[in-house]
Amino acid sequence: MNVESLYTALPEIFLAVAGMFLLLFGVIRGDKSAPMVGVLAFASLLIAGVLVADLAALAPLFTGVATPDGNKLSFMVGGFGNDTFHHMFVHDYFSRFVKIILLAAAALSLMLSWVYLKQEKLLKPEYPVLVLFATIGMMLMVSAGDLLSLYVGLELQSLALYVLAAYRRDDAKSSEAGLKYFVLGALSSGLILYGISLIYGYAGTTQFGPLTKMLTLAHPPLGVIFGMVFICAAMAFKVSAVPFHMWTPDVYEGAPTPVTAFFAAGPKAAALALFTRLLFVPFAGLTHQWMQILVFAALASMILGAFAGLVQSNIKRLLAYSSIANVGYMLVGLAAGGAEGVQAFLIYLAIYFINTLGAFAIILCLRRDGQLTEQIDDLKGLAKTKPMLALAMVVFLFSLAGVPPLAGFFGKYFVFLAAVKAGLVPLAVIGVLTSVVAAGYYLRLIKLMYFDEPVRTVDAIWEYDLRIAVGFTALIVLLFVLWPAPLIDSALVAAKSLIAG
């Protein structure tokens with residue numbers, strides 16, 4: 001281990017130290033420390049985000065390596081970045097791009113959770129600590145350069161998420177959600193371990209670099225292909241792609257709403273980014289084999305997510321099927337391959353997490369007589385009682401449906417354009433058709449808000465953190481069309497750093 005290795009993992013090290021400190025602080029001070037722990041955890045996520053974004057500027061201070069541009073370090077594709085922690089940790093622009101998304105998702109979900117935890121009398125110091133440790137696991141997943149470091153990051157994330165899903169211990173649905181997620185998560189972990197053992201047994205290495213060379217230059221052993229299939233199946237579970245989606249609706253409905261928001265944005269983004277790195281780095285020589293898996297998963301996810309959402313009566317279950325459909329669209333970008341396909345995937349990923357957290361922020365605002373409402377019929381007449389809340393929900397729903405000129409339109413445009421350029425025209429056509437079908441349940445919600453009479457009045461919203469979260473995400477979705485270049489250009493640099501690496 002050298003100074004450069006410690007430097008490249010500085011955000012993760014900082015979060016780990018902060019998490020341990022806050023854990024000890026919470027244990028010593030008890031439940032009364034919860035507000036302070038929450039504020040410090042939120043600040044830690046912001047500081048880690050600054051560290052991730054500003055590593056390019058700080059690099060010469062630690063390493064003496066020149067940075068010729070502001071977008072990419074000279075060691076991102078080569079240099080000491082490839083020898084970080086003996087090739088176990090990858091530091092490139094792709095990982096930086098995704099880590100910023102993960103930290104923003106964690107910070108926003110923590111902001112959303114505060115009001116809920118206070119109102120439900122669940123305000124305890126362990127909640128923000130669990131979010132911090134889950135975030136560390138997600139960041140390690142994104143920077144994995146070895147199948148073993150991949151597994152360590154995945155399990156660190158998963159162990160925290162199992163507890164968060166069952167955070168309401170006195171609620172049967174929350175306990176059921178945690179148990180289902182734990183059992184099926186253990187199954188997926190077993191699949192990953194079996195796949196890793198097969199690959200190691202036949203290839204003799206678990207490092208991404210040697211695997212890439214071996215699978216590109218020689219005919220791959222059959223055992224390696226089987227190992228790749230097992231790992232892809234486990235990753236399909238983590239991203240809730242069909243046919244490994246069965247846990248998603250139940251966990252989304254049963255888990256506390258802010259936890260569901262965190263699940264939908266952070267862990268899903270980390271798993272998708274890890275899946276992308278696996279496909280385009282160690283398994284780049286098995287494109288013909290994994291392409292069949294990817295196309296099937298994309299088709300099945302888009303179709304099931306579009307049609308199953310039409311019959312839902314619970315808002316969180318509806319958003320669960322919406323997330324399954326959106327995973328299908330992102331897999332279309334990955335199936336397109338190349339830097340353009342990865343760029344389209346990253347653009348969609350960044351826009352999707354903003355839409356999702358905005359929609360869940362609206363759900364957290366829907367309280368009647370102090371009780372959180374989750375049924376779709378509870379939206380009736382919302383435009384008459386809370387017009388600004390209804391307007392913000394319309395923005396998020398239209399964006400998820402891909403209506404121009406909102407941000408969601410650009411995500412689908414880039415994904416389908418990449419598919420067409422790659423010759424996957426039937427896949428792009430089915431994606432467009434399923435988008436039209438999925439628009440049906442988004443329009444249904446809008447119809448209830450604007451054309452039906454209110455059943456009961458929604459409680460007044462006084463919490464500024466919820467207002468800030470709703471307003472911030474809605475403005476991004478609305479104004480993205482005026483300044484899309486930063487995201488588009490950053491996604492392209494990130495995609496090229498992954499493909500070149």
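Reader: Is the side chain of glutamate 176 buried, partly exposed or exposed?

Author: The general idea is a scale of relative accessible area, on which buried is under 20%, exposed is over 50% and partly exposed lies in between, with a 1.4 Å probe and protein chains only. Glutamate 176, at a relative accessible area of 40%, is partly exposed. The model is a predicted one, in which local features need pLDDT of at least 70 and side-chain atom pairs count only at pLDDT 80 or more, while totals for chains, interfaces and linings use all residues. Residues are numbered from 1 along each chain as its sequence is written, and side-chain values use heavy atoms, with hydrogens and water left out.

Reader: With which residue does glutamate 176 form a salt bridge, and where do the two lie?

Author: Side chains of opposite charge can pair when their charged atoms come close. A salt bridge here is a side-chain nitrogen of Lys or Arg within 4 Å of a carboxyl oxygen of Asp or Glu. Glutamate 176 pairs in this way with lysine 180, their closest N and O atoms being 2.9 Å apart. Both residues belong to helix H8, four residues apart, which is about one turn of the helix; helices (H or I, at least four residues) are DSSP runs, as are strands (E, at least two), and they are numbered from the N terminus. Lysine 180, like its partner, is partly exposed, in its case with 28% relative accessibility.

Reader: Which residue meets lysine 173 in a salt bridge, and which parts of the chain does the pair link?

Author: The side chain of lysine 173 meets that of glutamate 253 at 3.1 Å, N to O. This pair links distant parts of the chain, since lysine 173 sits in helix H8 (residues 172–203) and glutamate 253 in helix H11 (residues 248–254), 80 residues apart. Lysine 173 is partly exposed at 45% relative accessible area, whereas glutamate 253 counts as buried at 17%.

Reader: Which residue is the salt-bridge partner of aspartate 250?

Author: Aspartate 250 bridges to arginine 317, with the closest N and O atoms 3.0 Å apart. Because aspartate 250 lies in helix H11 and arginine 317 in helix H14 (residues 315–336), this pair ties together parts that are 67 residues apart in sequence. Aspartate 250 is partly exposed, with a relative accessible area of 27%, and arginine 317 is buried, with 19%. Through shared partners, salt bridges join Lys173, Glu176, Lys180, Asp250, Glu253 and Arg317 into one network, and a search of the whole structure finds ten salt bridges.

Reader: What is the volume of the largest pocket, and which residues are closest to its centre?

Author: Rolling a probe the size of a water molecule over the atoms shows where empty space is left. On a 1 Å grid over the protein atoms alone, a pocket is an open set of points with protein on both sides within 12 Å along at least five of seven lines, a cavity is a set where a 1.4 Å probe fits but cannot get out, and lining residues have an atom within 4 Å of a point. The largest pocket has a volume of about 920 Å³. It is lined by 31 residues, of which Ile100, Ala104, Phe353, Ile354 and Ile476 are the closest to its centre. Helix H5 gives the largest share of this lining, ten residues, and the elements that each supply at least two are helix H3 (34–53), H5 (93–119), helix H15 (338–365), H20 and helix H21 (485–500).

Reader: How many cavities of 30 Å³ or more are found, and what lines the largest cavity?

Author: The search of the whole structure finds four cavities of 30 Å³ or more, and the largest cavity has a volume of about 80 Å³. Its lining consists of Gln157, Leu161, Tyr181, Lys238, Trp247, Phe263, Pro267, Lys268 and Ala271. Helix H7 (147–165) and helix H12 (257–280) are the elements that give two or more residues to this lining, and H12 has the largest share, four residues.

Reader: Which backbone details can be read in the loop between H10 and H11?

Author: Proline 243 has its place in that loop, between helix H10 (222–238) and H11, and the peptide bond leading to proline 243 from valine 242 is cis, with omega near 10°. Serine 240 lies in the loop between H10 and H11 as well; its phi is near 55°, a positive value in a residue other than glycine, and serine 240 is buried at 0% relative accessible area. A second place to look is the loop between helix H17 (387–401) and helix H18 (407–421), where proline 405 is found, and here the peptide bond from proline 404 to proline 405 is cis, with omega near 5°.

Methods:
Grid points are joined across faces, edges and corners, and a volume is the space filled by probe spheres set on the points.
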